[in-house]
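Subject: Structure handover

Hello,

Here is the structure I promised you. Please open it and keep it on screen while you read.

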Amino acid sequence: MEKKITILGVPMDLGQSRRGVNMGPSAIRYAGVVERLEKLGYVVTDQGDIEIGAAERLHDPETNMKNLKAVADANAILGEKVDGIVEKGEFPLIFGGDHSIAIGTLAGVSKHYKNLGVIWYDAHGDLNIADTSPSGNIHGMPLAASLGHGHPTLTDIGGYAPKVKHENIVIIGARDLDKGEKELIKDKNIKVFTMHEIDKLGMTKVMEEAIDYLKDKTDGVHLSLDLDALDPSDCPGVGTPVLGGISYRESHLAMEMLAESGIITSAEFVEVNPILDERNRTATVAVALMGSLFGEKLL
Ligand SMILES: NC(=[NH2+])NCCC[C@H](N)C(=O)O
Ligand SMILES: [Mn+2]
Ligand SMILES: [Mn+2]
């Protein structure tokens, strides 16, 4: 991994309907992320937050999407910023905001790789397009958009599409998928480790398989970690909690195995909602997981 990390906050809340997720970046900083990473020997630069345009809070019945233009505009700016970070040879570490920001992160990262891999650590697939979305919330669409599916306003951010190939992604922790998402997974043969596989095989095997799956065919791997992948008992501060999630300990193991593998080249931690949280627990878990991802060890 790069020895220089650049942090960027994205206080985005327009990709879903619950207020508060825009405060995620502050909560994560408050939980001590910079100190934690500096202790591990990294040079950490915090670029602060990008500006999110004034909320229009529009559900357009024509497109079945909420705040499409505002979400797309912010992601275009995010993409350029992230592009600049990778260009300088630094590791981009992005804090959400809702998961719609993955569209911008991937737009900025992916142009630097021929075969970017993505690990999507999430209770959800985020593989909806407007037609299959039950909610019109764009945070349910970023992985689809990055694969080139959906509205061109989302798929073409950064001026190119797709950002990733179907065979270069791995979803870990899925337990809530909509009908259209399941069809896409089957149709494109997308690699998914649902909670069933995590329970049955154990996290060690799941991560070994995930890393093996990506290692040889990719030249960089982005980790997109939605805190709702974890069980709500560990991470209550998320907008779309789903029971029966990945435990705190399993998640640490997953991050440690990624650190050992050395494959991760960029990361984002999203969906922390301090209003729904209990004493900043979810942000604290996020920072602890970042510690493991960047090589923290007890002994
Ligand atoms: N990033 C997230 N938390 N996504 C939740 C998506 C929930 C649901 N599948 C939807 O499309 O609305
Ligand atoms: Mn999710
Ligand atoms: Mn998500």
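How many of the six residues of β5 are buried? Six of the six are buried, so β5 is largely enclosed by the rest of the structure. Before we go on, note that this is a predicted model. Every value below is computed from it.

**Strand β5 and its neighbours**

Look at the two sides of β5. On one side sit F91, L93 and F95, and on the other P92, I94 and G96. All of these residues are buried, and both faces of the strand are covered. There is a general pattern behind the two sets: in a regular strand, side chains alternate between the two faces of the sheet.

Now look for the partners of β5. Strand β1 (residues 4-10) is joined to β5 by six bridges, and the two run parallel. Pick out G9: its bridge partner in β5 is F95. Strand β10 (residues 264-270) also runs parallel to β5, with three bridges between them. Here I94 has E268 as its bridge partner in β10.

**Strand β7 and its neighbours**

Next, go to strand β7 (residues 169-174). Six of its six residues are buried, so β7 too is largely enclosed by the rest of the structure. Strand β6 (residues 116-121) runs parallel to β7, and four bridges join them. I119 finds its bridge partner in β7 at V170.

Strand β8 (residues 191-194) is also joined to β7 by four bridges, again in parallel. A174 stands opposite T194 in β8. Trace the chain from β7 through helix α7 (residues 179-188) to β8: these elements make a right-handed β-α-β unit.

**The two manganese ions**

Now to the metals. Which protein atoms hold the manganese ion (ligand 3)? The donors are H99 (ND1), D122 (OD), D126 (OD) and D226 (OD), at 2.0 to 2.2 Å from the ion. Along the chain they follow the spacing H-x22-D-x3-D-x99-D. This site links distant parts of the chain: H99 and D226 are 127 residues apart. H99 is in the loop between β5 (91-96) and α4 (102-110), while D226 is in strand β9 (residues 220-226). Both H99 and D226 are buried.

The manganese ion (ligand 2) has its own set of donors. D122 (OD), H124 (ND1), D226 (OD) and D228 coordinate this ion, with D228 listed for two OD contacts. The distances are 2.1 to 2.4 Å. In sequence, these donor residues are spaced D-x1-H-x101-D-x1-D. Here the pair D122 and D228 links distant parts of the chain, 106 residues apart. D122 is in the loop between β6 and α5 (142-146), and D228 is in the loop between β9 and α10 (248-261).

Are D122 and D228 buried or exposed? D122 has 0% relative accessibility, so it counts as buried. D228 has a relative accessible area of 1% and is buried. The cut-off for buried is under 20%.

What joins the two sites? D122 bridges the manganese ion (ligand 2) and the manganese ion (ligand 3), which lie 3.1 Å apart.

**Pocket and cavity**

The largest pocket has a volume of about 240 Å³. Its lining has 18 residues. Which of them lie nearest the centre? They are H124, D126, H139, G140 and D178. Two of these names are familiar: H124 is a donor of the manganese ion (ligand 2), and D126 is a donor of the manganese ion (ligand 3). By type, the pocket lining divides into two nonpolar, nine polar and seven charged residues.

There is one cavity of 30 Å³ or more. About 40 Å³ of space lies in the largest cavity. Its lining residues include M65, I129, M141, H149 and L154. Six of the lining residues are nonpolar, four are polar and none is charged.

**One last residue**

Finish at L78, in helix α3 (residues 68-87). L78 has 0% relative accessibility, so it counts as buried. From C-alpha to C-alpha, L78 and F193 are 29 Å apart in space. In sequence they are 115 residues apart.

Best wishes

Terms used:
Residues are numbered from 1 along each chain as its sequence is written. Chains are lettered from A and ligands numbered from 1 in the order in which they are written. This is a predicted model: local features need pLDDT of at least 70, side-chain atom pairs count only at pLDDT 80 or more; totals for chains, interfaces and linings use all residues. Side-chain values use heavy atoms; hydrogens and water are left out. On a 1 Å grid over the protein atoms alone, a cavity is a set of points where a 1.4 Å probe fits but cannot get out, and a pocket is an open set with protein on both sides within 12 Å along at least five of seven lines; lining residues have an atom within 4 Å of a point. Grid points are joined across faces, edges and corners, and a volume is the space filled by probe spheres set on the points. Ala, Val, Leu, Ile, Met, Phe, Trp, Tyr, Cys and Pro count as nonpolar, Asp, Glu, Lys and Arg as charged, and the others, Gly among them, as polar. Donors are N, O and S atoms within 2.8 Å of the metal (3.2 Å for Na, K and Ca); water is not among the atoms, so sites may look incomplete. Buried means under 20% relative accessible area, exposed over 50%, partly exposed in between (1.4 Å probe, protein chains only). Two strands pair if DSSP finds at least two bridges between them. A crossover is right-handed if, with the strands pointing away from the viewer, the path from the first strand over the helix to the second runs clockwise.
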